[in-house]
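This report is a short guide for reading a protein model. Please keep the sequence and the three-dimensional view at hand while following the text.

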Amino acid sequence: MAAGVAGRRPDRALPHPAAPDAEVRRMTGTVITFYSYKGGVGRSFTLANVAVLLARWGYRVLAIDWDLEAPGLHYYFAGVMPTEPKGGVVDLASAFLAGAARPRAHGVRLDVDGELTLLAAGRQDGGYRTRVQSIDWDDLYQRGFAAFLETCRAEWTRDHDFVLIDSRTGIADTAGICTAHLPDRLVMVFTANDQSVTNAVDVVRSADRARDALPYDRPAHLVLPLLSRLDGRVEYQRAERWKERCVEIVAPLWRNWLSKNVPEELMLRHLSVPYVSYWSFGEELAVLAEQSPSADQISFSLETVASVIAQRFDRTDLLADNRDAYVAAARTHRQRFDLDVLVSCPWSASHVATELIEGLHALDVRADRSLSGDPERLDRPVLAQHLCLVVDGEVTRWQISEAERFLRRSLEADGRQLFCVLTRGTDPARLPSFLRNLRPLELRTMRPDHVAHRLHELISDAPPADTDHTTLRDAATALRRVPAQVPYPLRLDLLVQTVHAMATALDNGDLALIGDLTVDLELLSQTRTNGDHPVPTHPLHTEIQTLLTRLDRRTNGKVT
């Protein structure tokens, strides 16, 4: 059918795809066909699980069952399908013959996280087989069915980010529609035998030749070779030899999308779905049972496949370098984080974290704390876009684990950042090397609310605050907080020296020194006892008032 699809031009003009709503311009979705030359290779299983993952990650997904002779997607989705399909792909033909200008809505929205719709092969009743066998695809194309399919395709890609088609095996008529006419890209699923891989590559080449003759603007296929049902745990050496054989056969399919510095052997290792006997029974969705899979579980490989699709076959050099970060980038590409900042702190610094979080909340930053030693936090995926470690003395083992997990799942290009805040008395030299490179924010020179402002500047597009004005305002605030009395004469002497030094620093325009003296003044103003002979600070009041007047004038733009 591939040749038949290409050899007939539509009798009626190709309609333009319906334009998206003028106020919401979305990028056109991508059509991806999952194809295998032979059945029993796990093609439908892979598509169904990848569809669930993409929907969970925030993409709008349409799964289409075009394996009309042996439909199977509805079995995999049975547990999440609220109603049985009342129609499907076979009804596209009847709608066209009835003169419909556009396809009828037969999709069923599935009960999964995110937006996933199934367009089944058709209503599974006693007449289904007869309806399938009555379709003459050649006659339909002679009548202009190609243009009708283009209308369908335009609607599907307008309303969805990814359209995943489960194709008929072999070289059947419908396989030609799915491999040549409709898709932008192919996922070629094969097993480790010559019949499966060699014939699948031949069909891909035939589809490319058919696309060249299509009357539609279709670029060359991008093909993802996917080695499936590979059991390397028992026959390891045989499995390695067959991997080498498969790489040799599928090598031409990598050339127009795989990064040049990525070995094909390494990419095939990432794009292999292992044989796990448990999933060979029945039709279950592995990714629903394995939410956070380990490397030896099948969902781990399915996540990798879904990530390549989500990243549109791009950034494969990053996949080769750090698989976990690559998957995390795909997972969070469209995801809305529950938090902007997760503040991790030990129990000893919980009061600092509280003030910091309150400051972030005042700036409309969604923040919450993660107390070190809370295993539930560590076992769950990071919910926040950014992670802030509050270090009190030294980094706890839990904080190191949180930071390492965060960094493994973050890429430089995805905008996620790790921050480090040091409490007073914490020596930056004692930090692990990966934290010392972050240029920590130190509470020795900044109050928690100042740190919150700085974090807000770093994670947002807001312009940096006017540092000069902020320093002057903070100094004025500290002066107004000088208490009416202090517990010891020595404390008064230190206050006098500090206020005099602030006045001299203002004369010299040394704002950095004013900032340091402000911190000292705040510490001296903290009175935890009245002492035996409290000393009034009224001798300072006149000097403080004079300095406040100068600071206010300077803040308002009048140099004094």
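The model is predicted. Under the rule that a disulfide is a pair of cysteine sulfur atoms within 2.5 Å, the count of disulfides is zero. Two cysteines may be located in the view: Cys152 is buried, because its relative accessibility of 0% falls under the 20% limit. Cys246 is likewise buried, with a relative accessible area of 0%.

**Salt bridges**

How many salt bridges does the structure hold? The number is 24. Three of them are set out below.

| Pair | Distance, N to O |
|---|---|
| Asp166 and Arg43 | 2.5 Å |
| Asp184 and Arg153 | 2.7 Å |
| Arg323 and Asp324 | 3.1 Å |

In the salt bridge between Asp166 and Arg43, Asp166 belongs to strand E5 (residues 162–166) and Arg43 to helix H2 (residues 43–56), so the pair ties together parts that lie 123 residues apart in sequence. Asp166 and Arg43 are both buried. These two residues also take part in a network of salt bridges that links Arg43, Asp67, Glu69, Asp166 and Arg168.

The side chains of Asp184 and Arg153 form another salt bridge. This pair also links distant parts of the chain, 31 residues apart: Asp184 sits in the loop between helix H8 (173–181) and strand E6 (185–190), while Arg153 sits in helix H7 (residues 145–159). Arg153 counts as buried because its relative accessibility is 11%, which is under 20%.

For the salt bridge between Arg323 and Asp324, are the two residues buried or exposed? Arg323, at 11% relative accessibility, counts as buried. Asp324 has a relative accessible area of 26%, and is therefore partly exposed, since this value lies between 20% and 50%.

**Strand E6 and its partners**

The loop that holds Asp184 leads to strand E6. Six of the six residues of E6 are buried, and the strand is thus described as mostly covered. In which directions do its side chains point? Arg185, Val187 and Val189 point one way, whereas Leu186, Met188 and Phe190 point the other way, and all are buried. In a regular strand, side chains alternate between the two faces of the sheet.

E6 pairs with strand E1 (residues 30–35), to which it runs parallel, through four bridges. In this pairing, Leu186 of E6 stands opposite Thr33. E6 also pairs with strand E7 (residues 222–230), again in the parallel sense, over six bridges. Here Val187 stands opposite Leu224 in E7.

**Helix H13**

Helix H13 comprises 13 residues (residues 298–310). How does its span agree with the expected one? At 1.5 Å a residue, the helix should span 18 Å, and its end C-alpha atoms are 18 Å apart, so the two values agree. The expected span is 1.5 Å times one less than the number of residues, which is why the last residue adds no further step. H13 is mostly covered, with 13 of its 13 residues buried. After H13 comes Arg312, whose phi is positive, near 55 degrees.

**A nonpolar surface patch**

On the surface, Tyr488, Leu490 and Leu494 form a nonpolar patch, with about 300 Å² of accessible area together. One of these residues, Leu490, is found in helix H22 (residues 489–508). Leu490 counts as exposed because its relative accessibility of 57% is over 50%.

Key
Residues are numbered from 1 along each chain as its sequence is written. This is a predicted model: local features need pLDDT of at least 70, side-chain atom pairs count only at pLDDT 80 or more; totals for chains, interfaces and linings use all residues. Side-chain values use heavy atoms; hydrogens and water are left out. Buried means under 20% relative accessible area, exposed over 50%, partly exposed in between (1.4 Å probe, protein chains only). A salt bridge is a side-chain nitrogen of Lys or Arg within 4 Å of a carboxyl oxygen of Asp or Glu. Helices (H or I, at least four residues) and strands (E, at least two) are DSSP runs, numbered from the N terminus. Patches are made of residues with over 30% relative accessible area and no salt bridge: like charges are joined within 9 Å, nonpolar side chains (Val, Leu, Ile, Met, Phe, Trp, Tyr) within 5 Å. Accessible areas come from the Shrake-Rupley method with a 1.4 Å probe; for residues, only the protein chains shown count as cover. Two strands pair if DSSP finds at least two bridges between them.
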